[in-house]
Amino acid sequence: MACSTAHLEVDVPLSEHEQRLLEQIERALVDDDPKFASTVRTGDRRQKARRKVQVGIGLVVVGLAIVLGGAVLPQVLVGVAGFLVAFGGAALVVLNYKNATGAVEAGAPAAGPAGRPGRGGKGSSRARRQPLKNRLEERFRRRYDQ
């Protein structure tokens with residue numbers, strides 16, 4: 001069975017046994033580290049990253065407007081400030097784009113079984129970092145296939 005690097009998301013209903021196991025894991029997580037559990041529970045990371053991308057695009061536009069204002073007025077410091085604002089906005093967009101879109105890097109190195117790079121083997125065509133949900137599902141399937 002060949003795995004592609006394309007990101008496919010398919011919702012598969014869990015059996016009753018799997019639902020009970022998931023509930024036990026969630027309870028154990030809350031008992032072991034309640035702060036982490038509440039952090040994971042609060043909101044979608046993609047939504048936060050999308051918001052940061054939107055703010056970054058806004059900063060780029062404002063920064064370019066300030067640069068133009070600095071060019072119209074013979075003020076070098078205004079132009080430099082506008083450039084820094086635009087650069088900061090562009091950096092915000094670049095740093096959050098991958099998380100906002102859920103994109104998988106096309107040039108990611110291949111991973112071997114159990115997600116360890118450099119091992120080769122049956123699952124070596126997978127992208128190195130898959131979403132947590134996919135990695136957990138794959139680990140669960142391997143465990144029950146044995």
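Biologist: Among contacts in the protein chain between residues at least 6 apart in sequence, what share joins residues at least 24 apart?

Modeller: This is a predicted model: local features need pLDDT of at least 70, side-chain atom pairs count only at pLDDT 80 or more, and totals for chains, interfaces and linings use all residues. Residues are numbered from 1 along each chain as its sequence is written, and side-chain values use heavy atoms, with hydrogens and water left out. A contact means heavy atoms within 4.5 Å. Of the contacts between residues at least 6 apart, the share joining residues at least 24 apart is 49%.

Biologist: Which pattern does the protein chain follow along the sequence?

Modeller: Helices (H or I, at least four residues) and strands (E, at least two) are DSSP runs, numbered from the N terminus. The chain has five helices and zero strands. Read along the sequence, the pattern is α-α-α-α-α.

Biologist: What percentage of the residues of the protein chain count as buried?

Modeller: Buried means under 20% relative accessible area, exposed over 50%, and partly exposed in between (1.4 Å probe, protein chains only). The chain has 146 residues. The buried part is 14%.

Biologist: How far apart are the end C-alpha atoms of helix H4?

Modeller: The expected span of a helix is 1.5 Å times one less than its number of residues. H4 covers residues 76-101, which is 26 residues, so it should span 38 Å. The model agrees, with the ends apart by 37 Å.

Biologist: On which residue is the kink in H4 centred?

Modeller: The bend at a residue is the angle between axes fitted to the seven residues ending there and the seven starting there. In H4 the kink is about 35°. Its centre is leucine 95.

Biologist: Against which helix do the buried residues of H4 pack?

Modeller: The buried residues of H4 include Gly79, Gly82, Ala86 and Gly89. From the other side, Ala49, Val53, Gly56, Gly63 and Gly70 are buried in H3, and the buried residues of H3 pack against H4. The partner of H4 is helix H3.

Biologist: How far apart in space are leucine 64 and valine 85, C-alpha to C-alpha?

Modeller: Leucine 64 is found in H3. Its relative accessible area is 47%, so leucine 64 is partly exposed. Leucine 64 and valine 85 are 21 residues apart in sequence, and their C-alpha distance is 8.2 Å.

Biologist: Is the pair of phenylalanine 83 and phenylalanine 87 stacked or edge-to-face?

Modeller: Rings of Phe, Tyr and Trp (its six-membered ring) pair if their centres lie within 6.5 Å; planes under 30 degrees apart count as stacked, over 60 as edge-to-face and the rest as tilted. The count comes to two aromatic pairs. Phenylalanine 83 and phenylalanine 87 have centres 6.1 Å apart and planes at 25°, making the pair stacked.

Biologist: Why is the pair of phenylalanine 140 and tyrosine 144 tilted?

Modeller: Both lie in helix H5 (residues 132-145), four residues apart, about one turn of the helix. Their ring centres are 4.6 Å apart. The pair is tilted because the planes meet at 45°.

Biologist: How far apart are the closest N and O atoms of glutamate 138 and arginine 142?

Modeller: A salt bridge is a side-chain nitrogen of Lys or Arg within 4 Å of a carboxyl oxygen of Asp or Glu. The whole structure has two salt bridges. One of them joins arginine 141 to glutamate 137, with closest N and O atoms 3.3 Å apart. Glutamate 138 and arginine 142 both lie in H5, and in their salt bridge the closest N and O atoms are apart by 3.2 Å.
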